[in-house]
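Welcome! Take a moment to look over the sequence and turn the model around on your screen. Then let us walk through it together.

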Amino acid sequence: MFSLCLVPLGILVLRAVQGNLTANPIEFITHATGDWTLRFLVLTLAITPLRKTLRLPQLIRFRRMLGLFAFFYACLHFSIYIGLDQVLDFRGVWADVMKRPYITMGFTGFVLMIPLAVTSTAAMVRRLGFRRWQMLHRLIYVSAVAGVIHFYWLVKSDVHLPLIYAAIMAVLLGWRVFAWFSDRGRKPARGTPVRKEPTTVAAS
Ligand code: HEM
């Protein structure tokens with residue numbers, strides 16, 4: 001699974017070595033890494049619904065890795081924007097973040113992923129306490145929604161793909177809300193220990 005998650009990066013490196021990154025390499029790499037950030041966010045959010053509906057508990061093993069790969073591709077995406085697009089002009093980057101709504105939204109999505117990645121270890125779950133950790137990790141939904149809005153705002157004409165992501169996100173969020181309401185309706189018998197699981201990027 002780890003190697004599989006590195007395939008998009010491998011393809012980019014291969015294309016770079018072959019000089020095959022289209023006429024606008026910076027735009028091409030920015031788009032590819034942005035696309036993969038969003039795909040990994042969606043995959044991370046899909047793990048719990050898939051695990052429960054398909055009755056495949058072992059899927060949980062991949063959630064933290066997928067979440068961290070979303071962060072990894074977001075770091076590449078952001079670094080390429082800062083390093084190659086803005087040529088390390090940090091004032092320019094900040095001006096962009098303040099001025100252009102789609103950049104503001106992408107930046108928000110990225111910043112929200114940082115505490116999730118930092119607290120993704122089992123040691124951090126213990127340190128924060130499961131409840132607090134779980135609350136914090138719900139931020140992944142906000143980050144993913146910000147990513148979709150970022151995508152929607154940046155496309156100039158064909159909004160098909162951002163809308164498809166928005167629909168997938170709505171289904172995943174809807175599933176969560178539905179599961180939450182049905183869990184509340186099902187009260188455990190007295191003395192029955194309730195087993196709760198981490199929701200998002202981190203520990204299994
Ligand atoms: C959760 C974080 C983020 C996600 C999910 C994300 C996702 C995306 C996606 C899907 C694209 C379009 C790819 C395509 O057209 O095929 C994109 C493009 C882009 N993103 Fe992000 N992004 C994120 C954060 C950021 C950040 C932090 C910045 C910079 C501050 C940024 C700057 C850009 C730029 C400059 C483009 C290309 C715009 C253009 O060519 O018109 N993104 N991003």
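## Two residues with a positive phi

Let us begin on the outside: Arg55 is exposed, because its relative accessible area is 71%, which is over the 50% needed to be called exposed. You can find Arg55 in the loop that joins α2 and α3. Keep in mind that you are looking at a predicted model. The backbone of Arg55 deserves a look too, since its phi is positive, at about 50 degrees, although Arg55 is not a glycine.

Val87 gives you another example: this residue, which is also other than glycine, has a positive phi near 45 degrees. Look for Val87 in the loop between α3 and α4, where α4 covers residues 90-99. Is Val87 buried or exposed? With a relative accessible area of 62%, Val87 is exposed.

## The overall build

Now step back and view the whole chain. How many helices and how many strands does the chain have? There are nine helices and zero strands. If you follow the elements from the N terminus on, you read α-α-α-α-α-α-α-α-α.

A box of roughly 65 × 35 × 35 Å, taken along the principal axes, is filled by the C-alpha atoms of the chain. The chain has 204 residues, and 36% of them count as buried.

## An iron site held from two helices

Next, find the ligand and its iron atom. Which residues coordinate this iron? They are His77 and His150, each through its NE2 atom, at 2.0 Å. These two histidines come from distant parts of the chain: His77 sits in helix α3 (residues 63-85), while His150 sits in helix α8 (residues 139-154), and 73 residues separate the pair.

The iron atom of the ligand has six donor atoms, and the angles among them run from 87 to 179 degrees. The site is octahedral. If you colour the model by accessibility, you will find that both His77 and His150 are buried.

## A salt bridge in the model

Side chains of opposite charge can pair when their charged atoms come close. How many salt bridges does a search of the whole structure find? The search finds one. The partners are Asp96 and Arg100, whose closest N and O atoms are 3.0 Å apart.

The two partners differ in how much of their surface is accessible. Asp96 counts as buried because its relative accessibility is 7%, whereas Arg100 is partly exposed, with a relative accessible area of 33%. Asp96 belongs to helix α4. For a sense of scale, try tracing the path from Asp96 to Leu136: they are 40 residues apart in sequence, and their C-alpha atoms are 28 Å apart in space.

## Cysteines without a disulfide

A disulfide is a covalent bond between the sulfur atoms of two cysteines. How many disulfides does the count come to here? The count is zero.

Cys5 shows you why: the closest cysteine sulfur to its own is the one in Cys75, and at 15 Å this is too far for a bond. For comparison, the two sulfur atoms would have to lie within 2.5 Å. Seen from the other side, the sulfur of Cys75 has its closest cysteine sulfur in Cys5, again 15 Å away and too far for a bond. Cys5 is buried, at 3% relative accessibility, and Cys75 is partly exposed, at 25% relative accessible area.

## A nonpolar patch and a helix residue

Finally, look at the start of the chain. Which residues form a nonpolar patch on the surface? They are Met1, Leu4, Val7 and Ile11, and together they have about 380 Å² of accessible area. Met1 lies in the segment before α1, a helix that covers residues 2-17. Met1 counts as partly exposed because its relative accessibility is 41%.

One more residue is worth finding, and that is Phe28. Its place is in helix α2 (residues 25-53), and Phe28 is partly exposed, with a relative accessible area of 24%. Phe28 and Leu12 are 16 residues apart in sequence, and in space they are 9.4 Å apart, C-alpha to C-alpha.

Technical notes: Residues are numbered from 1 along each chain as its sequence is written. This is a predicted model: local features need pLDDT of at least 70, side-chain atom pairs count only at pLDDT 80 or more; totals for chains, interfaces and linings use all residues. Side-chain values use heavy atoms; hydrogens and water are left out. Donors are N, O and S atoms within 2.8 Å of the metal (3.2 Å for Na, K and Ca); water is not among the atoms, so sites may look incomplete. Four donors count as tetrahedral if all angles lie between 85 and 135 degrees; four count as square planar and six as octahedral if opposite donors are over 155 degrees apart and all others between 65 and 115; anything else is irregular. Helices (H or I, at least four residues) and strands (E, at least two) are DSSP runs, numbered from the N terminus. Buried means under 20% relative accessible area, exposed over 50%, partly exposed in between (1.4 Å probe, protein chains only). Patches are made of residues with over 30% relative accessible area and no salt bridge: like charges are joined within 9 Å, nonpolar side chains (Val, Leu, Ile, Met, Phe, Trp, Tyr) within 5 Å. Accessible areas come from the Shrake-Rupley method with a 1.4 Å probe; for residues, only the protein chains shown count as cover. A salt bridge is a side-chain nitrogen of Lys or Arg within 4 Å of a carboxyl oxygen of Asp or Glu.
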